Amino acid sequence: MSGGTITNSSQPGKQPRGPIDSAAMPRSAYIHVPFCAHRCGYCDFTLIAGRDDLIGDYLRALGREINGPSLAAMSPNARQDSDSERGGVSPPVLGMNSTHSEPGGLRHPAQGENAKPEEPLTLALSPQGRGEGTRELDTLFFGGGTPTHPSCDQLREMFRIVYERFTLAAGAEVSVEANPLDLTDEKIDVLADAGVNRISLGVQSFSTEALTLLERDHSPSDIADVIARLKRRFDNVSLDLIFGVPGQSLEDWRVTLRRAISLGPTHVSTYGLTWEQGTAFGTRRDRGELAPIDEELERSQYALAMDELATAGFEHYEISNFARPGYRCRHNEVYWSGDEYWAFGPGAARYLNGRRETNIRSVLGWLAKLERGESPVAEAEELEPAHRARELIFLGLRRREGIAREDFLRRTGFALEDIAVSAIQTNTACGWLEETGTHIRLTSEGRFVADRVVAEFL
Ligand code: SF4
């Protein structure tokens, strides 16, 4: 964790004065689909490449997990039973213990490998095949890996499994991350027919050289083709782009941004290339074969994205995300708001009942756990009120609006200055934070050092 200028979590007399969040049922769910044809050199996501033979096992395990304890843990009856059995403490979630944290706010408690699993829930199914314990969602997000990698039949089965336990509220947002070359016309129809209404397309670049370096399997012309075909069924298409690619000049990046804008997306996400230890890129950097681009150039690329997308009418609503009016990603806004959500699949992290849990990252390990009827949770932690409050700052500062002081006090019981006075003062003095009267938020300059600023609040 960086900084050290703030985060005085144990100030005497600074106890929360109100509730920490509400106990409302989550209305969002994330499904992690961990399959890719090939692992791109820069990628350290949870996935398994070249093992399509495991997709059937994955679907069975996903069904087990979705029908397992995490939904039961959020049912009104489960809350009540749990409280009465445990003398009023939090509901049981898979018997994990908590220990330590890491930057970014995700916690890594002691592994619960030997925790005794709870019995999976069995619910009676209605004649329509829907479980009586179904939950209604406002947002549902399929991420990966590559959720569009499985076959059409496998995708239909995946949606059947999910919709057996989750229903969609009117106007719900259903997003799927997609790889351009997977999207045959038939697959596009499968997605649309399953209620998907938002596609997040992994474009990354319109430069052949950059796509080759990034080990992507598509070409610039493939992107234009697939977007044209997607538009037959979807009006909400987001494009992911990467800057900071070795060899990518400012002019190259301008071309990519302009090509992307010209194809009419509703939303654009721009990410700086990261160099993670253990990836092929990390190894190549250590050997001197590849080098990150100059920091100033990367900063200029980020600034260019802000300029070009603003000029084209996109709102820069989160550090990495730009949307046309009305097209923010509602699912990701749930994360940034600090609201609760379900999550399923290897490596998936959920936040329920004030408790964060992360599944085992190994795809094979996750499969084995669920096949044995064991919990797939590897890490879990009850968040202390002060820590939870700091996380809300950490998440909220990513958003354009920043953090509403009154809302923060209502949700956490803390005034912002109670727990972060030093960080607020320091970053305001640097010109990276500003006060609007009702909110604190990053300044335009602060967005360039956002990671550094938000880390100081943890
Ligand atoms: S397609 Fe995406 S998830 Fe799959 S390996 Fe490449 S970057 Fe990672």
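## Close-up views of a predicted model

**View 1. What sits around the ligand.** By class, the shell around the ligand is made of five nonpolar, five polar and one charged residues. This is a predicted model, so read each view as a computed picture. From the early part of the chain come Cys36, Arg39, Cys40, Cys43, Phe45 and Leu47. The rest of the surroundings are Gly144, Gly145, Thr146, Asn179 and Gly202. Keep Gly202 in mind, since strand β8 turns up again in View 3 with Gly202 among its residues.

**View 2. Helix α5, one side in and one side out.** Start with the buried residues of α5 (residues 185-193): Ile188, Val190 and Leu191. They share a side of the helix because they cover an arc of only 160° around its axis. As a reminder of the geometry, an α-helix has 3.6 residues a turn, so residues three or four places apart point the same way. Swing over to the other side of α5 and you meet Asp185, Glu186 and Asp193, which are exposed. What covers the buried residues? The cover includes helix α4 (152-165), strand β7 (166-178) and helix α7 (220-230). After α5 comes Gly195, with a positive phi near 95°.

**View 3. Strand β8, enclosed between neighbours.** Strand β8 (residues 198-204) is largely enclosed by the rest of the structure, because seven of its seven residues are buried. Arg198, Ser200, Gly202 and Gln204 point one way from the strand, while Ile199, Leu201 and Val203 point the other way. So which strands does β8 pair with? One is β7, which runs parallel to β8 and is joined to it by four bridges; here Glu177 stands opposite Ser200. Another is β9 (residues 237-243), also parallel to β8 and also joined by four bridges. In that pairing, Ile199 of β8 stands opposite Val237 of β9.

**View 4. A three-stranded open sheet.** Here the strands come in the order β14-β15-β16, and the pairing is antiparallel. The edges are β14 (349-352) and β16 (377-382), each of which pairs on one side only. On average, neighbouring strands of this sheet are turned by 15° against each other, direction ignored. Zoom in on β14 and β15 (residues 355-359) and you'll find four bridges joining the two antiparallel strands. Leu352 stands opposite Arg355 of β15.

**View 5. Asp451 in helix α16.** Look for Asp451 in α16, the helix that spans residues 450-455. Is Asp451 buried, exposed or partly exposed? It is partly exposed, because its C-beta atom has 13 others within 10 Å. Arg398 is 53 residues away along the chain, yet the C-alpha atoms of Asp451 and Arg398 are separated by 8.9 Å.

**View 6. Stepping back to the whole chain.** With the close-ups done, here is the wider setting. The chain has 458 residues, and 44% of them are buried. Its secondary structure comes to 16 helices and 19 strands. Of the contacts with a separation of 6 or more, 72% are between residues 24 or more positions apart.

Technical notes
Residues numbered from 1 in each chain as written. Predicted model: local features only at pLDDT ≥ 70, side-chain atom pairs only at ≥ 80, totals over all residues. Pairing = 2+ DSSP bridges. Axes fitted to C-alpha atoms, helices over the stretch in contact; angles between N-to-C directions. Near = placed C-beta within 6 Å. Nonpolar A, V, L, I, M, F, W, Y, C, P; charged D, E, K, R; others polar. Buried ≥ 20, exposed ≤ 12 C-beta atoms within 10 Å, placed from the backbone. Arc of directions from axis to C-beta. Contact = placed C-beta atoms within 7 Å.
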